[in-house]
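Here is a short walk through some strands, helices and surface residues that you can follow on screen. Keep the structure open as you read.

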2 protein chains.
Amino acid sequence: MDREEALSLLRAALAPGARGAEFARVAKSVHPADIAAWFAELPPEEARSLLGQLAAPARAQIFGYLDAEFQALVAQRLDRRELGELFLHMSHDERADLFRRIPEAQSEAFLPALAHAEREDIRRLAEHPEGTVGAVMTSDYATLAPGLAPPEAIEHLRMAAPDAETIYQAYVLGGERRLLGTVSLKDLILAPSHARVEELMDASPVSVRADAPREEAARLVSRYDLIALPVLDERGTLVGIVTHDDAMDVAEAEATEDFGKVGAVEQLAVSLKGASVRHLYRKRVFWLMVLVFGNLFSGAGIAYFEDTIATYVALVFFLPLLIDSGGNAGSQSATLMVRALATGEVALKDWAGMVSRELAVAVLLGATMAVAVSALGIWRGGPEIALVVSLSMLMVVVAGSVIGMSLPFLLSHLRLDPAVASSPLITSIADAVGVVVYFAMATMLLGQAAG
Amino acid sequence: MDREEALSLLRAALAPGARGAEFARVAKSVHPADIAAWFAELPPEEARSLLGQLAAPARAQIFGYLDAEFQALVAQRLDRRELGELFLHMSHDERADLFRRIPEAQSEAFLPALAHAEREDIRRLAEHPEGTVGAVMTSDYATLAPGLAPPEAIEHLRMAAPDAETIYQAYVLGGERRLLGTVSLKDLILAPSHARVEELMDASPVSVRADAPREEAARLVSRYDLIALPVLDERGTLVGIVTHDDAMDVAEAEATEDFGKVGAVEQLAVSLKGASVRHLYRKRVFWLMVLVFGNLFSGAGIAYFEDTIATYVALVFFLPLLIDSGGNAGSQSATLMVRALATGEVALKDWAGMVSRELAVAVLLGATMAVAVSALGIWRGGPEIALVVSLSMLMVVVAGSVIGMSLPFLLSHLRLDPAVASSPLITSIADAVGVVVYFAMATMLLGQAAG
């Protein structure tokens, strides 16, 4: 069904006197993610009204695929009973996220309608700080006792299936909900019926702490090809799982975040398409202002060499090229390094080895650039200017590259995010270095100009 | 086990006269991904020798986690029989990748030892071009006939489990291996025993074409939270599946690739850590050279206004700042747009709406920068210079932003990769625009200088 058909179907279902039957029928054969995408084109009030035509489980599923802002807008329009029912049917991680976002007055109104265990579960999941594993994990996992035989265990998972995020990985718990191991449904199905869960389980499974950064969970799921990753508290108690699909969402969000940082835009709190002018302005202005203050240094450098410039105006032709070359060579190195540090491919201890290789690459790049620019230099300024420009180019590219490569390591070492080594920061440093190198070289080689 | 312990264990297992028993025991309790990481620190010959101490399935599993270059180095050292055995036990997608990478002489030596069906499977998977869904899919999926009852279907999956990448999703095939639907093991377990697979299956499952770009598979797995995505050929025949873990690898690789493009480094064929000086040089030199040629334009601009510059040398103080501001504002917009186009959040049709909002944001940013720089301008050059610099700043930031935002759309429209709108390209354009705007404005407002 294409977008036009979908929207006309929704409009028909919203018409006065329409019965929900037709929409409910279509909703059964369309993926909830697609229905959520259609809803995103409607006003929240209409989305609410359409959701009301569906059975509670289908409603909760579609609702879970709406993006966070839209969820909050729809939730505001639900009464206490509707909201309570929605919370009952949503997956545990999604409802905890929603809970964090609705006004306290509203949550206090519907919470008492939920059973004590549900309330506690929501509160426990919602209290983990944003950015931690705890904030992306879910508590609707399936557990098994160690002494069960495979047929009993499978029957147990069958009973748990409607309420569990996955039954393909089950968690074997000992006293105080301590994690003894994990067992897959596949292993249970393949095992002889006289075996026991504790013999089949992986007794040293990969796990993560709830207070670890969320990208750690994504990295582990990716590295070990997991369907779900168990999350433990500081005492080894199982408190949740991170499923493969949530791990993939985290990896994507982190990549987008690093992307923005390297591009010198702070993380948008909302989607780019939905971002307001004011929001975009605030996320971008900081790094641009950094440039202005960075210019205090390169401007001072230029002022110092004012006489040389006045004598050899041709030097100015190459100023944009020189400072941009340093900045871009630096951005290249920084980009490679930020991503390699983010994916865990390179670690802090690798710095020394990387810097010497970077030096070799930078000298080659700088020399190539110097040769290329020497032709331009002879054409526009004569052989003396060409020499100054070429030598400056070599030094500026080498300096830019080494700074661009080292800055992410330095930031990482200081426990700051390496992605802060963004283009404007490197550009500002490269500008100042470029100006000083260039004009100092010119003053030295061309002789001090008369004041 | 930490790195030191692991390496000393491996060294002991390699000592002359050592029996493999201890290493084989340890290998059972350690994740193959971790063993592969230890191996990466050894010479390929030693890795080969350690792999020889393990049973064939464990060997194939660890081998699958080695990175592509190392796999090829180890494979070169295997004889015909060993290589044939390895191919039998590797997962189908991994062995097709390896097949593409070993020399033809070697593959011709061991292929005849494999059964006809295996040979055909390897050839079919290996023939899909890099970058397509076909090149990342695997053919070891589990299939079911539509008429089976759930207990029969589960028994069928049980038999298929040792050879299938996953049994949690099964594919229901009709005549000529046409895909009728998909059914999950969960649904089979929950279903009453008198049901039939065809009643339980999802009859319009999400699928992808084998010749689609691989990022399409990653996007679908992420959007629909799939464990595995069926891959069809042009006639609707099932030819493979893409599992959630492979989809996550693709998403990561694509993000790294886009990251490199925006940072103006071509995709590295190998890992950053393993890349040679020569390889890094070749991947970086192109975009830096683009800058040199871009400078033909900004240099010409400066030459045209040479007289104005000679008269007002103070104008040069602000040249680095102005051109960098345009370039950085442009890079910010481009970064946001490239990522939003890559994740599918923004589509071509959104251009008009985005450009008008971008214009509003850019005017605000430009105005802020203009105010900030006017203080600098008065201090270093007096009120007239300050006026020129401020007005230029406003125009340069607006021009840079709109160019940075539109370029990814334009490239996408021309069916080129939007991530090519990298910093150096935008920098070069912004330089030329900045120089012309700045000095033209100066000539206009300060009056034509005497030649």
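## A tryptophan and its surface patch

Helix 20 (residues 351–381) of chain B is where Trp379(B) lies. Please keep in mind that this is a predicted model. Is Trp379(B) buried or exposed? Trp379(B) is exposed, because its relative accessible area is 58% and the cut-off for exposed is over 50%.

Trp379(B) shares a nonpolar surface patch with Phe293(A), Leu296(A) and Phe297(A). Together these residues have about 500 Å² of accessible area. Helix 16 (residues 277–304) of chain A gives the patch its largest share, with three residues.

## The sheet of chain B

Now turn to chain B, where three strands form an open sheet in the order 1-2-3, with mixed pairing. Strand 1 (141–144) and strand 3 (179–184) of chain B each have a single partner strand, so one side of each has no neighbour in the sheet. From one strand to the next, the twist averages 35 degrees.

Strand 1 of chain B runs parallel to strand 2 (residues 166–173) of chain B, and three bridges connect this pair. If you want a spot to look at, Leu144(B) has Val172(B) of strand 2 as its bridge partner. Helix 11 (residues 150–160) of chain B packs on this sheet and touches strand 1 and strand 2 of chain B. The direction of helix 11 makes about 150 degrees with that of strand 1 of chain B.

Strand 2 and strand 3 of chain B pair in the antiparallel sense, over five bridges. Here the bridge partner of Ala170(B) is Val183(B) in strand 3. These two strands make a hairpin with five residues between them, in which Glu176(B) has a positive phi near 55 degrees. How many of the six residues of strand 3 of chain B are buried? Five are, so strand 3 of chain B is largely enclosed by the rest of the structure.

## Strands of chain A

Chain A has a hairpin of strand 2 (residues 169–173) and strand 3 (residues 179–184), with five residues between the strands. In its turn, Glu176(A) takes a positive phi of about 55 degrees. Five of the six residues of strand 3 of chain A are buried, so this strand is largely enclosed by the rest of the structure.

An open sheet of chain A has three strands in the order 4-5-6, and its pairing is mixed. Strand 4 (208–209) and strand 6 (238–243) of chain A are its edge strands, each pairing on one side only. Helix 14 (residues 214–223) of chain A lies across strand 4, strand 5 and strand 6 of chain A, at about 140 degrees to strand 5.

The table lists strand pairs of chain A.

| Strand pair | Sense | Bridges | Residues facing each other |
|---|---|---|---|
| Strand 2 and strand 3 of chain A | antiparallel | five bridges | Ala170(A) opposite Val183(A) |
| Strand 4 and strand 5 (residues 228–232) of chain A | parallel | two bridges | Val208(A) opposite Val231(A) |

## A buried helix face in chain B

One last stop is helix 5 (residues 56–65) of chain B. Its buried residues are Ala56(B), Arg59(B), Ala60(B), Ile62(B), Phe63(B) and Gly64(B). What do the buried residues of helix 5 of chain B pack against? Their partners are helix 3 (32–39), helix 4 (44–51), helix 6 (68–76), helix 7 (80–89) and helix 8 (92–101) of chain B.

Notes:
Residues numbered from 1 in each chain as written. Chains lettered and ligands numbered in written order. Predicted model: local features only at pLDDT ≥ 70, side-chain atom pairs only at ≥ 80, totals over all residues. Heavy atoms only, no water. Pairing = 2+ DSSP bridges. Helix = DSSP H or I, 4+ residues; strand = E, 2+ residues; numbered from the N terminus. Axes fitted to C-alpha atoms, helices over the stretch in contact; angles between N-to-C directions. Contact = heavy atoms within 4.5 Å. Patch = residues over 30% accessible without salt bridge, like charges linked within 9 Å, V, L, I, M, F, W, Y side chains within 5 Å. Areas by Shrake-Rupley, 256 points an atom, 1.4 Å probe, with all protein chains shown as cover. Salt bridge = Lys/Arg side-chain N within 4 Å of Asp/Glu carboxyl O. Buried < 20%, exposed > 50% of the residue type's maximum accessible area, 1.4 Å probe, protein only.
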